[in-house]
Amino acid sequence: MPNAYKLYYYPSSASLAPHILLEEIGCPFELVLVDRKANAHKSPDYLKLNPAGLIPVLIDGNVVLSETTAIMLHIADHHPHSGLVPPIGSDARAQTYRWLIYLTNTVQAMLVHYFYPNRIGGAHADTVKENASAAIIPMLDILDRQLAQSGGPYLLGAKYNIADIFLFMICRWTRNMPDPARNRPHLASFLKRMADRPAVKRVFATEQLPAPWY
């Protein structure tokens, strides 16, 4: 049996997507809780793993990885028979890159402004949060249209892949916002389908995440 992956996580954080991916694949892995409430992600030991002090981190033998999309691509590439990432060089692989990067560089980045407006807003944090909330609405509309145009039920069409897992995590984070992802018809169907997956249910149970899930 290969060495187990070690995933440093905190419930419902950006570690949620790789946690779901590991459950989907069914490979051995170990979870290591990083207690963000106790500022453990800023501890000297954790900063040796990720100098940015962000969650998650994956350890795979001698490989230490941060950044959720990098972690997910690494895991999926090492388990090609799972079918959760298209072959390198394929059109579907290019589209997977496109949507993963859109989700992390555009949507997730704006969600960070919404949830942590003090980081860049200072005395204007309320304005930053309000503007971020407004900016996220058309981004969710784009994702809803993509699900419609792909023919569904997933982001790239009939085939479920890692971009769907990342999308589910991003949409979950909007659940208490004024206009959450679930308000859109295609995203609503997608989210229900994702929440019904056994791997997702196992992760939510392990991380003890309460309803609403999305």
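This is a short talk on the fold of one protein chain, moving from the overall picture to a few single residues.

Hello everyone, and thanks for coming. One thing before we start: what you have in front of you is a predicted model.

Let's begin with the whole chain. It has nine helices and four strands. Reading from the N terminus, the order is β-α-β-α-β-β-α-α-α-α-α-α-α. The radius of gyration is 17 Å, close to the 17 Å that the globule rule gives for 214 residues, so the chain is as compact as a globular protein of that length. If you prefer outer dimensions, the C-alpha trace spans about 50 × 45 × 35 Å along its principal axes. Buried residues account for 47% of the 214. And if you take the contacts with a sequence separation of 6 or more, 63% of them are between residues 24 or more positions apart.

Now, please find the sheet. In what order do its four strands lie? The order is β2-β1-β3-β4, in an open sheet with mixed pairing. At the edges sit β2, residues 29-33, and β4, residues 63-66, each of which pairs on one side only. From one strand to the next, the twist averages 20°. As a general reminder, strands of a sheet pair through backbone hydrogen bonds, either parallel or antiparallel.

Let's zoom in on one pair. Strand β3, residues 57-60, runs antiparallel to β4, and four bridges join the two. You can follow the register on your screen: V57 stands opposite S66, and L58 has L65 as its bridge partner. This hairpin has two residues between its strands, and G61 takes a positive phi near 65° there.

While you are looking at V57 and S66, look for N50 as well. N50 sits in the loop between α2 and β3. Is this loop residue buried or exposed? With a relative accessibility of 5%, N50 counts as buried. Leaving out residues up to four places away in sequence, N50 touches P56, V57 and S66. That puts an asparagine from the loop in contact with both members of the V57 and S66 pair.

Next comes my main character, helix α3. Eight of its ten residues are buried, so α3 is largely enclosed by the rest of the structure. The buried ones are T68, T69, I71, M72, L73, H74, I75 and A76. What covers them? The cover includes β1, α1, β3, β4, α4 and α7. On the sheet side, α3 lies across β1, β3 and β4, and runs at about 135° to β4.

On the helix side, let's look at α4. Two packed helices are described by the angle between their axes and the distance between the axes. Here α3, residues 68-77, and α4, residues 91-115, pack at an angle of about 150°, with their axes 11 Å apart. An angle over 145 degrees counts as roughly antiparallel, which is why α3 is described that way relative to α4. From α3, the residues in this contact are T69, L73 and D77, and they meet R93, Y97, L100 and T104 of α4. By type, the contact divides into three nonpolar, two polar and two charged residues. Why does the list from α3 step along in fours? An α-helix has 3.6 residues a turn, so residues three or four places apart point the same way.

Let me finish with a few backbone details. Two residues have a positive phi without being glycine: S12, at about 65°, and Q208, at about 55°. S12 is in the loop between β1 and α1, while Q208 is in the segment after α9. They lie 196 residues apart in sequence, but their C-alpha atoms are 9.3 Å apart in space. Their surroundings contrast: S12 counts as buried at 15% relative accessibility, whereas Q208 counts as exposed at 70%.

Finally, there are the cis peptide bonds. One runs from G152 to P153, with omega near 5°, and P153 lies in the loop between α6 and α7. Another joins A211 and P212, with omega about 0°. P212 is in the segment after α9, where we also found Q208.

That's my tour. Thanks for listening, and please bring your questions!

Notes: Residues numbered from 1 in each chain as written. Predicted model: local features only at pLDDT ≥ 70, side-chain atom pairs only at ≥ 80, totals over all residues. Heavy atoms only, no water. Axes fitted to C-alpha atoms, helices over the stretch in contact; angles between N-to-C directions. Parallel < 35°, antiparallel > 145°, perpendicular 65-115°, else oblique. Contact = heavy atoms within 4.5 Å. Nonpolar A, V, L, I, M, F, W, Y, C, P; charged D, E, K, R; others polar. Pairing = 2+ DSSP bridges. Rg over C-alpha atoms; globule rule 2.2 N^0.38 Å. Buried < 20%, exposed > 50% of the residue type's maximum accessible area, 1.4 Å probe, protein only.
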